Amino acid sequence: MNPLKGIPRDQLMRDVEAFCQEKGLQDHVETFRKGALVAQNPADFDEIDGPEALSDEEKNRLRDEVVHKWRMPWRLYLTIITCSVGAAVQGWDQTGSNGASLFFPKVYGIDGKSNHDVLLVGVINASPYIGCALIGCWLSDPFNNWIGRRGTIFLASHFCIWPVIGSAFSHNYTQQIANRLLMGIGMGLKAATVPIFAAENAPASVRGALVMSWQMWTAFGIFLGTAVNVAVYNSPINWRLMLGAPFIPAVPLLVLIFLCPESPRWLMKKDRYAQAWKSLTILRFHPVQAARDMYLIHAQLAIENDVIGNSNYVTRFVELFTIPRVRRATYAAFTVMIAQQMCGINIIAFYSSYLFEDAGFTQYQALLASLGFGAVNWLFAFPAFWTIDTFGRRSLLLFTFPNMFWTLLAAGLSTLIPASNPARIALVAFFVYLFAAFYSPGEGPVPFAYSAEVFPLSHREVGMGFSVATCLGWAAVLSITFPLILQELGTVGAFGLYAGFNVAAFFMIFFLVPETKQRTLEELDYVFAVPTSKFVNYQVTKVAPWWFKRNILFQRKAQCVELYQDDAGLRIAKQDAKR
């Protein structure tokens, strides 16, 4: 599945020299020769001989990527920290309205039980997601194209500062909706760009873990937001502080982003290879590592340009559904993103205070219970740093969705316990926390990490924009409709409905989402070259029987035939690309 595999060494060396000459990298020819050979056979770098044989230092650096994969240059750590701050902004933005919705409806005169008032509260809460889905996400492609990853994140930061402050000073719900719509534009730009920025800067061995930090620090932002909601409860302007406080982490994001190197892949896409080389040497310990990654990216870009050619924004969007390889990535990204809304996490993230109050908590107890949810949601995201690249994205989802089903159902059923019984409050909170504990290492981090890596570079911005628009657009639908669902079905009915959605999401993932664990962004072209019908047939005829034999019949020696084979994958990809 490696685009360099099978190229004779002499030919590869000639290609490298021509590449360095064309891109103005003549001073680094020797390094690129070594890097190309390592990229061609990553596991056999010890066997490279002749003039390109690696030094002991170079070999040790390559071994460290496997043995000590968390040893990284400080500028790469700074990049991940900056992306994490961006994620915290996203989470805190979501949580302000969670606590504020207990108070602002009365101030705005929309605290009645009529459908008008209930829907209006839902629209205010949903406004950022409407702004994301309709505007922000779709601006990510042109702005990334014009001003790069860093410039887009810088622009998004402004939308996460000034409208957020404005929402704290809004005197009526019209002003509030307008400010939150503007905030949503920044959230959409940021959510569609930051995971790509992290994915493109990270080495393959830890890319999943580093990109998943988006969700982990989003969860941390949610926790901070719930903590501030509790801290300002006794203030006479508590809800204004809850809505305005999320501007705080956006300020350091505004500053830190320009201390990070620009994405090498984006620079190469713009034919700025000298800058890309400088960026990669900052993000890797040794020039051989940088040369390896850069030449592999270049080889994949050449394939993409041959297949896709030059295209504009509209063409790239249409190609999400017309080019077979890209279409399969689109379906997979759509599935994991919409599953995040189907699982029910955001009915708690958006309305936990409201739900806990409805279950019999006082307002202050509801805010404290929401703080507990925020803490669990964040703390249980930490295991995903290890599990996402050990067990894989798909495996985590298939394990956690059944567990989210029963815990969410149990939380709803617990509300049937008489209000006079103190066990009611305890059990509702317990099962909600248990639900969050299963969500955090699975459907929490996977969607953004997965969507950031599955699209080819040519369609990465528009593909990620579509994915985030899917996620946040359905978040808006959820935010608007859930108060009505809760009013009509009650807590047990609402929780039961979303428990059922978990079952549906499980089967969608089983049939439409391939594994991407520890594959380079370039190798994924061949994973998504396998036709959907063949992938579904493999799951039904090979994976499901193997799972049944191994886990139900306890036949531990049962074997599952691999779907992807290097030569076969390459052949399928080439045939598929021609169609």
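A residue counts as buried when its relative accessible area is under 20%. By that cut-off, both Asp 525 and Arg 325 are buried in this predicted model. The two residues form a salt bridge, with their closest N and O atoms 2.7 Å apart. Asp 525 belongs to helix α24 (residues 524-527) and Arg 325 to helix α16, so the contact ties together parts of the chain that are 200 residues apart in sequence.

Side chains of opposite charge can pair when their charged atoms come close. Across the whole structure, 18 salt bridges were found. One of them joins Arg 149 to Glu 200, with 2.8 Å between the closest N and O atoms. This pair also links distant parts of the chain. Arg 149 sits in helix α6 (residues 115-159), and Glu 200 in helix α8 (residues 173-201). The partners are 51 residues apart. Arg 149 and Glu 200 are both buried.

A further salt bridge connects Arg 284 and Asp 293. Here the closest N and O atoms lie 2.7 Å apart. Arg 284 is buried, as is Asp 293. Both residues also take part in a network of salt bridges, together with Glu 65 and Arg 292.

Open space was examined next. The largest pocket holds about 1200 Å³. Its lining comprises 30 residues. Closest to the pocket centre are Arg 394, Ser 395, Leu 398, Val 543 and Trp 546. Three elements give two or more residues each to this lining: α20 (393-414), α23 (460-512) and α25 (532-551). Helix α25 contributes the most, with nine residues. By class, the pocket lining has 19 nonpolar residues, five polar and six charged.

Enclosed space is divided among six cavities of 30 Å³ or more. The largest cavity contains about 170 Å³. It is lined by 19 residues, and those closest to its centre are Gln 94, Gln 215, Thr 218, Gln 340 and Asn 346. Several helices meet at this lining. At least two residues each come from α4 (74-100), α9 (207-231), α16 (324-342), α17 (345-358), α18 (363-379) and α23. Helix α23 therefore supplies residues to the linings of both the largest pocket and the largest cavity. The cavity lining has eleven nonpolar and eight polar residues. No charged residue is found in the cavity lining, whereas the pocket lining has six.

Individual helices were then considered. Helix α21 (residues 423-439) has 17 residues. From its first C-alpha to its last, α21 reaches 24 Å. This is close to the 24 Å expected at 1.5 Å a residue. The buried residues of α21 include three phenylalanines, Phe 431, Phe 435 and Phe 438. Val 428, Ala 429, Val 432, Ala 436 and Ala 437 are also among the buried positions. Arg 424 and Tyr 439 complete the buried set.

Val 536 lies in helix α25, the element that gives the most to the lining of the largest pocket. The relative accessible area of Val 536 is 25%, so this residue is partly exposed. Val 536 and Phe 382 are 154 residues apart along the chain. Their C-alpha atoms are separated by 32 Å.

Key:
Residues are numbered from 1 along each chain as its sequence is written. This is a predicted model: local features need pLDDT of at least 70, side-chain atom pairs count only at pLDDT 80 or more; totals for chains, interfaces and linings use all residues. Side-chain values use heavy atoms; hydrogens and water are left out. On a 1 Å grid over the protein atoms alone, a cavity is a set of points where a 1.4 Å probe fits but cannot get out, and a pocket is an open set with protein on both sides within 12 Å along at least five of seven lines; lining residues have an atom within 4 Å of a point. Grid points are joined across faces, edges and corners, and a volume is the space filled by probe spheres set on the points. Helices (H or I, at least four residues) and strands (E, at least two) are DSSP runs, numbered from the N terminus. Ala, Val, Leu, Ile, Met, Phe, Trp, Tyr, Cys and Pro count as nonpolar, Asp, Glu, Lys and Arg as charged, and the others, Gly among them, as polar. A salt bridge is a side-chain nitrogen of Lys or Arg within 4 Å of a carboxyl oxygen of Asp or Glu. Buried means under 20% relative accessible area, exposed over 50%, partly exposed in between (1.4 Å probe, protein chains only). The expected span of a helix is 1.5 Å times one less than its number of residues.
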